[in-house]
Amino acid sequence: GPLFPAHPLCATQRRSAATTADSNAKVAVLGASGGIGQPLSLLLKNSPLVSNLSLYDIAHTPGVAADLSHIETRANVKGFIGSEQLPDCLKGCEVVVIPAGVPRKPGMTRDDLFNTNATIVANLTTACAKHCPEAMICIIANPVNSTIPITSEIFKKHGVYNPNRIFGVTTLDIVRANTFVAELKGLDPARVNVPVIGGHAGKTIIPLISQCTPKVEFPQDQLETLTGRIQEAGTEVVKAKAGAGSATLSMAYAGARFVFSVLDAMNGKEGVIECSFVRSEETECPYFSTPLLLGKNGIEKNLGLGKISPYEEKMIAEAMAELKASIKKGEEFAKSMK
């Protein structure tokens, strides 16, 4: 089949290749009471792939857990509140998703969140390194270009680092690219797949329209407008919400899509491919998002850049300095921590 098969349907419509019998995944959501955390937890509760759902936050989790626990699906839901309950939340977890942190307000870049979110991610991933070192770690908290290097350094510090199990969730960039291309071409977005590589902020977001399935073509001016819209789509939502936060519902959908792919692959489903921001040898950048073949142990194979157009090549070159600086900032933050 094609290198990038069309992405699965939404959680409520899909039926996994794995039967419920061989899928007993314990999943934790850290930051489960927040704008992304609540709808993400709802989508995970709705999935037959999840048998146990552990919800953690610094407030409101008992209520969120009680509410979700009444849904007629098999996932057993437990709420944990405050750092003293975090170890119990994480014990035995196979997948940990981290949407915790503060969102952007109008006029903010993702990097403006660094000081607050870097500390939150460092603390949460320290607990993961101690209590579920083998788990797949899926980081949603921005700036992803820095929070992934932070997570890696924390895991190294504890001697449990495995680069095949630490993922920066960039899936929303792919979801947006699929949606915008489908709108422009009158296609069903569920059948469109655009790989998006690089990072997860502004011009580091590089949609590979030339590799879209089905094949699509745009005049250069339209291609540049489309690319710019994909890169700034997060800001579009921040502006539309006018101070009431950033993308939460679409991010929850994208986060769930990524987790379901990870779980499907862990259950032995073949050919599961997702883009994600990970430790990488594909470019001169130590972390880079490319399509990844997922397997039982996380990344099975990095599929790399594939064949790229001169325009895409130029975008990669122009993204390097910003990407490297964000990575270095994250690494230095983690190394400076006590």
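Let's start on helix α7, where Asp 221 and Thr 225 are exposed on one side. This is a predicted model, so everything here describes a computed picture. Turn to the other side of α7 and you meet Leu 223, Leu 226, Thr 227, Ile 230 and Gln 231, which are buried. Looking down the axis of α7, these buried residues fall within an arc of 135°, so they line one face of the helix. What do they pack against? The buried residues of α7 pack against α6 (171–185), β8 (205–207), α8 (233–241) and α10.

The length of α7 can be checked too. The helix covers residues 220–231, and at 1.5 Å a residue its 12 residues should span 16 Å; its end C-alpha atoms are 16 Å apart, which agrees.

Now follow α10 into the interior. In soluble globular proteins, nonpolar side chains tend to be buried together. Here, the largest nonpolar core has 65 residues, and Leu 30 and Val 96 have the most contacts inside it. Helix α10, residues 310–336, gives the most to this core, with 9 residues. Which residues does Leu 30 touch, leaving aside those up to four places away in sequence? Among them are Tyr 56, Leu 86, Cys 89, Leu 90, Val 96, Val 97 and Ile 98. Pro 99, Ala 100, Leu 124 and Cys 128 are also touched by Leu 30. There is a second, separate core as well, made of 41 residues, including Ile 36, Val 50, Ile 140 and Ala 254.

It helps to set an annotation beside this. An unreviewed UniProt entry places the feature "domain: Lactate/malate dehydrogenase N-terminal" at residues 26–168. Over that stretch the chain is 38% helix and 21% strand, and the end C-alpha atoms are 20 Å apart.

Next, look for Pro 189, in the loop between α6 and β7 (196–198). Is Pro 189 buried, partly exposed or exposed? Pro 189 is partly exposed, with a relative accessible area of 34%. Its C-alpha lies 25 Å from that of Phe 167, and the two residues are 22 residues apart in sequence.

Finally, how confident is the predictor? The mean pLDDT of the protein chain is 94, and 93% of its residues reach 70 or more. Strand β6 (residues 166–168) has the highest confidence, at 99, while α8 has the lowest, at a mean of 95. Residues 1–21 are another matter: pLDDT stays under 50 there, and the model has 41 contacts beyond four places in sequence for this stretch.

How values were computed. Residues numbered from 1 in each chain as written. Predicted model: local features only at pLDDT ≥ 70, side-chain atom pairs only at ≥ 80, totals over all residues. Heavy atoms only, no water. Core = buried A, V, L, I, M, F, W, Y, C linked by side-chain atoms within 4.5 Å. Buried < 20%, exposed > 50% of the residue type's maximum accessible area, 1.4 Å probe, protein only. Helix = DSSP H or I, 4+ residues; strand = E, 2+ residues; numbered from the N terminus. Contact = heavy atoms within 4.5 Å. UniProt positions renumbered as here; feature names shortened; annotations may be inferred. Expected span 1.5 Å × (residues − 1). Arc of directions from axis to C-beta. pLDDT = per-residue confidence, 0-100.
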